[in-house]
Amino acid sequence: MTSPLASRLPFVAGAFAALIVAVLVAPLIGSSSINLARAFDASVPFDRNVDAQIFFIARLPRALAAALVGASLAAAGVVFQALLRNPLATPYTLGVSTGASLGAMLAITFGWTLPSVITWALPPVPAAALAGAMGSVLIVYWLARARSAGLSTTVLLLAGVTLNSFFSALILFVQYIGNFADVYRAMRWLMGNLDVSTYRQLVAPLPFIALAAVAFAWLAKPLNLLAAGTSAAEARGLDVQRAQRIAFFSASVITGAAVSIGGPIGFVGIIVPHLVRLVAGADHRIVLPASACIGGAFLVVCDVIARTLLAPVELPVGIVTAVIGGPFFLWLLIRRS
Amino acid sequence: MGSARTALGSRLSTSRDAVVRRDSTAPCPPRTAHRTARLLALALVALAASCGGQAPAVSTSSDAAPARIVSLIPAVTETIYAVGAGDAVIGVGTFDTYPPEVASVARVGGLLDPDTERILALRPDLVFLYGSQTDLVAQLERAGIPYQTYRHGGIAGIVETTRSIGRRVGHAERGDALADAIERDLAAIRARVTGRARPRTLIVFGREEGQLRGIYASGGTGFIHDMVDAAGGENIFADVVQEAVQASLESILARAPEVILEFRAPGATRTETWAAQQMDIWRGAPSLPAVRNGRVHVLLDQRLVVPGPRVAGAVDLIARTLHP
């Protein structure tokens, strides 16, 4: 007899296959037609091979960025929903993305430049976004700890929601004092953009994402226990405080890394986990990896739409995810009830 | 020379729809009742449509030349000074930097944050403002202060604006002379570049710092496109009928520009050193002919971003960059 877990494994494998197929197929699609044979022809020097450059500079890094960001946001969504025991939680509920956005707004508006040692790996805007995200994580954690020894999810939620509004107000203020062109670009950053143009920009956030992925692997079982409530989890021998702390930090850090790459792209972190749970049940050992894979594949597809629909003009990918994700989520909601 | 004239003439007529008529004699229904003033602000779009696609014209006109002028628009401010009415300017916008005399003039806010109280306190007898500042228009109406609205258009718009501002501030002859001079200078530049190969040009006016990302390029309409066109360049995004195009790296690689022009206003961080660093960033797309041939030019010049009377100088700068 197969265990429930084993019977769900093909679903995870299928999700993983979907992600791989999406990343492999996406670079073949674009606003211009390229000659694949020429793109992979090593005898043509790279700096003269337009087809190779469109494939390797314009498309492949975008597909990888979309996969990485989509997977991170979907997995972070799963963890936040479990940690806060709230199905409406998103990776952005606790203020990480608004902190990142504030950092990015400041960098764009004031034209910050950084020492070239840092900008080689991380240009000013992503660097400021990452710093803003990490700053807001620490503030929320400090607030949640101030009231009680453990992590109070209620305080966590309140602090996060308040910080979100506070940072939003600061963003408006920064935009108010900024000049017109910068405000326009800042607004555009908020709509999401995965046109990273180099692989370097994916490398710097990678350690954060890898670290969080390791934590997520450990978290799957504790999150299953936490779903039944903290006292029940404690009764079954879980160090609840430690699990909550790890869940909070890993999910926040991976969200910050994802936002620094692509901006605050919405809906991935909420519709993908719900869709996966609908199909595969609530076991986090299945939901976490499957959501990561589906989330990555979903965002890769959305980005293909974003860069081809209105070509040569770019459509912000955040608008694509919202237009697809919003109605889909509502349909899900009606169908379930 | 004759063919250049014709080319300019046809451009004048083709881009007419982008031009805003500010002339008080424009064939718009005259405003009669004060009560309609508030409705007028709401009905701007409809009114513009009734004027054949042109923006709302003037509230009141008086025969005497204005003696207390407020201008919220850098390009208009430059024109007022250029036609010799600078002495009458008593208030300018936040972003006005030219001519140097404006440094000592009162500041009254900008496009999004006009300081209405300040403007009223200055007791102007003519206010130049953006057509989109409908709240301010309504307030000026209520206060009975004459105003003229303005919207950025192409080069033809600049020439026409110069004439109408000259008339409006009582220096019609100098306005016409200035407009003629702009047209003459532009025609001379067009004649100079006629017959030369027109390099396929990417015109960038915004980009994320230190990256080939979030690139804003000029589409095929508006004053920046017109300037490069006049200077003998072929805009690679000419087919996109928008002023600003958010261009993906893919579309830029596919369109393979022979020259890349980045237009930026000089500023505290925008120095020649900064400009030199931007060339390095473009090496991230090495197949671009412009990058291979070292034809990425970062131009730091206020004239490139203000659609005002110095436009011919800006076009000359571009022409010399495109056709060295």
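Student: Which elements of chain A have the lowest and the highest mean pLDDT?
Tutor: In this predicted model, helix α5 (residues 116-121) of chain A has the lowest mean pLDDT, 68, and helix α14 (residues 284-308) of chain A the highest, 95. Here pLDDT is the predictor's confidence in each residue, from 0 to 100, while helices (H or I, at least four residues) and strands (E, at least two) are DSSP runs numbered from the N terminus.

Student: And what is the mean pLDDT of chain A?
Tutor: The mean for chain A is 88, with 96% of its residues at 70 or more.

Student: What conventions apply?
Tutor: Residues are numbered from 1 along each chain as its sequence is written, and chains are lettered from A and ligands numbered from 1 in the order in which they are written. Local features need pLDDT of at least 70, side-chain atom pairs count only at pLDDT 80 or more, and totals for chains, interfaces and linings use all residues.

Student: How many residues does each chain bring to the contact?
Tutor: Chain A brings 33 residues and chain B 27 residues, two residues being in contact if their C-beta atoms, placed from the backbone, lie within 7 Å.

Student: Which element of chain A gives the most to that side?
Tutor: That is α3(A), with 6 residues on the side of chain A that touches chain B.

Student: Now the sheet: what is the strand order in chain B?
Tutor: The open sheet of 5 strands runs β3-β2-β1-β4-β5 (chain B) with parallel pairing, where two strands pair if DSSP finds at least two bridges between them. Its edge strands are β3 (106-107) and β5 (147-150) of chain B, each pairing on one side only.

Student: Which residue of β2(B) is the bridge partner of B:Ile69?
Tutor: The partner is B:Val89.
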